[in-house]
Amino acid sequence: MNAAPALLGYAALVGVTAPRVLLRSAWPHRAPALGVTVWLALTVTFVLAVALAAAQLASPAEHLHAGLVGLLHSCGVGSGPAVPDPGTTDAPAVALPAVVLGAWAGAVAHRLLRAGLRRARHRDRLDKVGVRCPRLRVTVLPHATPGAYCLPGLRARIVVSDAAVRLLSARQLDAVVEHERGHVAGRHHLPLAAAEGFAALFRRLPLARHVRDQVALLLEMSADDRALRRHPDAVLATAMYELAGGRTPRGAFGAAGPSPAVLRMKRILGPRRAPHPALRSALASAAASAPFLPLLVACPPGV
């Protein structure tokens, strides 16, 4: 039996319906790191479903099954007395999913490379005009606009304008810097690049239209949480208000951020309740298992 219709139906469910459910849910703002994981899990399972559907359409079901099982055996996964010959898989059944997966990986790699080059050029300029602040462990940049941002990566930098140093109190400045450290420590540029690569590849898909903005917002909230573990809510909120007019260079994360500041402000100043542990466990399990569901649809056990 060819599983292409089931895979395409599953892809439609993930690409169209799931984003609507997530956007109406309150829990992602309560657990932003988990929210990022779920959004990215949806992108992975969607790409795998599309790739396997392409393979199913290009090859008879029994050939695809042999190729999948053989691939799993070659990776040390699966059991059985005999290892199917992957050579029985038709060439189009290998080429089509490879094109889908390669395009996705290429889109993500392109954004990582482009952002990395942009950050490298910006770091070079900072070395010429910035001043290192040992107390804050940041680079102070002469600029009339109050602002703060970070350049993540191998040579990460946290940058604060001298206008922000003059404007903010010591506690506010510490809270802002801690927010930026959250971006650097969490390597937030990686999930953001994954979301942007997916959005560029599947532009008209509802999941693609929302994943980039939602991941960016949740990463900002996750960095807020790091700052809030060490600083009072009001300190971070007033610092954000003071920096609201600041601009962030492309390729960097900013304290004012690319995300809706009003949502973040309401979250910081309002009551914050973590999701119930049972809900958190269920969502984490669903995110971990989602990438494997297309494989089970394409090659169910016992087939």
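Here are some short exercises, each with a worked solution, on a predicted model of a protein chain.

**Exercise 1. Getting oriented**

Find how many helices and strands the chain has, and what share of its residues is buried.

*Solution.* Start with the secondary structure: the chain has 13 helices and five strands. Next, turn to burial. Of the 303 residues in the chain, 47% are buried. Finally, look at how contacts span the sequence. Taking contacts between residues at least 6 apart in sequence, 72% join residues at least 24 apart.

**Exercise 2. Helices α1 and α3**

Work out how α1 and α3 are oriented to each other, and which classes of residue make up their contact.

*Solution.* First locate the two helices: α1 covers residues 4-23 and α3 covers residues 32-58. Their axes are 8 Å apart and the packing angle is about 160°. Angles over 145 degrees count as roughly antiparallel, and α1 and α3 are therefore roughly antiparallel to each other. The hand of the α1 and α3 crossing is left-handed.

Now list some of the residues that meet. On the α1 side they include L7, V14, G15 and P19, and on the α3 side they include W39, L42, F46 and A49. Sorting the contact of α1 with α3 by class gives 19 nonpolar, three polar and no charged residues.

**Exercise 3. Inside the largest core**

Find the size of the largest nonpolar core and the element that gives the most residues to this core.

*Solution.* The largest nonpolar core has 39 residues. Within this core, the residues with the most contacts are F46, F198, L207 and V215. Six elements can be named as giving two or more residues to the core: α1, α3, α5 (91-129), α8 (189-201), α9 (206-228) and α12 (277-289). The most comes from α3, which gives eleven residues.

Take L207 as a closer example. Not counting residues up to four places away in sequence, L207 touches V14, G15, P19, W39, L42, T43, F46 and F198. Another core, of 15 residues, lies apart from the largest one, and among its members are C133, L168, A239 and L243.

**Exercise 4. A second helix pair**

Decide whether α9 and α10 are oblique or roughly antiparallel.

*Solution.* Begin with the geometry: α9 and α10 (residues 233-242) pack at an angle of about 130°, with axes 9 Å apart. That angle makes α9 oblique to α10. The crossing of α9 and α10 is right-handed. In the contact, α9 supplies D224, A227 and L228, while α10 supplies D233, L236 and M240. By class, that is four nonpolar, no polar and two charged residues.

**Exercise 5. Two residues to compare**

For E178 and for V297, say whether the residue is buried or partly exposed, and what the residue touches.

*Solution.* Start with E178, which sits in helix α7 (residues 170-185). Its relative accessible area is 4%. Buried means under 20%, so E178 is buried. Leaving aside neighbours within four places in sequence, E178 is in contact with R226, A227, R230 and H231.

Then move to V297, in helix α13 (residues 293-298). V297 has a relative accessible area of 29% and is partly exposed. Not counting residues up to four places away in sequence, V297 touches A3, A6 and L7. As a last step, check a distance: V297 and A49 are 248 residues apart along the chain, and their C-alpha atoms are separated by 8.8 Å.

Technical notes:
Residues are numbered from 1 along each chain as its sequence is written. This is a predicted model: local features need pLDDT of at least 70, side-chain atom pairs count only at pLDDT 80 or more; totals for chains, interfaces and linings use all residues. Side-chain values use heavy atoms; hydrogens and water are left out. Axes are lines fitted to C-alpha atoms, for helices over the stretch in contact, and angles run from 0 to 180 degrees between N-to-C directions. Helices (H or I, at least four residues) and strands (E, at least two) are DSSP runs, numbered from the N terminus. Angles under 35 degrees count as roughly parallel, over 145 as roughly antiparallel, 65 to 115 as roughly perpendicular and the rest as oblique. A crossing is left-handed if the near helix is turned anticlockwise from the far one by less than a right angle, and right-handed if clockwise. Contact means heavy atoms within 4.5 Å. Ala, Val, Leu, Ile, Met, Phe, Trp, Tyr, Cys and Pro count as nonpolar, Asp, Glu, Lys and Arg as charged, and the others, Gly among them, as polar. A nonpolar core is a set of buried Ala, Val, Leu, Ile, Met, Phe, Trp, Tyr and Cys residues joined through side-chain atoms within 4.5 Å. Buried means under 20% relative accessible area, exposed over 50%, partly exposed in between (1.4 Å probe, protein chains only).
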